[in-house]
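Work through these exercises with the structure open. Try each task before you read its solution.

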Amino acid sequence: MPVELTWWGHATCTVEDSDIRVLTDPLFVRRLAHLRRRRGAVPPPDAWRADVALVSHLHADHLHVPSLARLAPGTRLLVPRGARRAVPGLRRLGHLKLTEVAPGDETMVADLRIRAVPARHDGRRLPFGPHRSPALGYVVEGDARTYFAGDTGLFDAMEKEVGPVDAALLPVGGWGPYLGEEHLDAGRAAQALARLAPRTAVPVHYGTYWPIGMDAVRPHEFHAPGDEFVRLAALRAPGVAVHRLGHGERIRVEVVR
């Protein structure tokens, strides 16, 4: 049965597998603090529909309480361990079925197995408080195995922790002109792709939000990462089908076992 992947912008994606809708890092606003959505419409109400939502880490552009509040009553919500303590606003989301998870934890949602995997990234709720939570990626296992990396840099055990996957949603940029080692730019994402060797990959986390007043500061870091990832992936992982989607576009992944 085909699996559908939709990119709504930034790190917000829908994975439809085994008749279950999985939503990643929901962010449904035009502006967040100093960030403005410069490309693509705010995701429509159809994007809010999910059986389960996954939050990779506590940064406000990935764990956005007002966006989570739009999810329907009864929606499952997986967040990193310690999130409720670090983000008091989560306590207002009583209509959601919230579970805290850590690397290695597995959660069943009907026929889907969702496995939390490590990420190399600062998982704190910045700039507030010392409470630490792990940054996570997730592997959604149903008819296909789909890896959502969240925010991460390269790390030594990536292939072992993630395991074999059919599709990968990989961050290839960010919301500012400079990325540290705890992020994947297009080059590091292509290295990750070569190591993970999925059949299909979609670049995400670029070309959506940008700091207000910085339109002229290194604009290629906003516009170019998707195309640069496609170019480098063809060199370093030529066996992987890479799909650079526009906001709201989707692909079908055919899985043959």
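**Exercise 1. Which residue of strand 14 stands opposite leucine 169? Place strand 13 among its partners.**

Step 1. Leucine 169 stands opposite valine 202 in strand 14. The chain crosses from strand 13 through helix 5 (residues 186-196) to strand 14, and this β-α-β crossover is right-handed. Right-handed has a set meaning: with the strands pointing away from the viewer, the path from the first strand over the helix to the second runs clockwise. Helices (H or I, at least four residues) and strands (E, at least two) are DSSP runs, numbered from the N terminus.

Step 2. This is a predicted model: local features need pLDDT of at least 70, side-chain atom pairs count only at pLDDT 80 or more, and totals for chains, interfaces and linings use all residues. Residues are numbered from 1 along each chain as its sequence is written, and side-chain values use heavy atoms, with hydrogens and water left out.

Step 3. Count the bridges. Strands 13 and 14 pair in the parallel sense over 5 bridges. Strand 12 (residues 145-148) runs parallel to strand 13 and is joined to it by 3 bridges. Two strands pair if DSSP finds at least two bridges between them. Threonine 146 stands opposite alanine 167 in strand 13.

Step 4. Check the cover. In strand 13 (residues 167-171), 5 of the 5 residues are buried (under 20% relative accessible area; exposed is over 50%, partly exposed in between; 1.4 Å probe, protein chains only). One side carries Ala167, Leu169 and Pro171, the other Ala168 and Leu170, and all are buried.

**Exercise 2. Is threonine 200 buried or exposed? Find its contacts.**

Step 1. Locate threonine 200: it lies in strand 14 (residues 200-204).

Step 2. Apply the cut-off. Threonine 200 counts as buried because its relative accessibility is 8%.

Step 3. List the contacts (heavy atoms within 4.5 Å). Leave aside neighbours within four places in sequence. Threonine 200 is then in contact with Asp166, Ala167, Ala168, Val240, Ala241, His243, Ile251 and Val253.

**Exercise 3. Which residues does valine 162 touch?**

Step 1. Valine 162 lies in helix 4 (residues 158-162). Its relative accessible area is 0%, so valine 162 is buried.

Step 2. Skip residues up to four places away in sequence. Valine 162 touches Arg115, Val117, Val139, Tyr147 and Leu196.

Step 3. Now take a distance. Glycine 137 is 25 residues from valine 162 along the chain, and their C-alpha atoms are separated by 8.5 Å.

**Exercise 4. How many bridges join strand 1 to strand 17? Describe the hairpin too.**

Step 1. Strand 1 (residues 3-9) and strand 17 (residues 249-253) run antiparallel, joined by 5 bridges. Leucine 5 has isoleucine 251 as its bridge partner in strand 17.

Step 2. Strand 1 also pairs with strand 2 (residues 12-17), in the antiparallel sense, over 5 bridges. Glycine 9 stands opposite threonine 12 in strand 2.

Step 3. Strands 1 and 2 form a hairpin with 2 residues between them. In the turn, histidine 10 has a positive phi of about 55°.

Step 4. Why is strand 1 largely enclosed by the rest of the structure? Because 7 of its 7 residues are buried.

**Exercise 5. In what order do the strands of the 3-strand open sheet lie?**

Step 1. The order is 4-5-15, and the pairing is antiparallel.

Step 2. The edge strands are strand 4 (31-32) and strand 15 (209-211), and each pairs on one side only.

Step 3. Strand 4 and strand 5 (residues 35-37) are joined by 2 bridges. Leucine 32 has leucine 35 as its bridge partner in strand 5.
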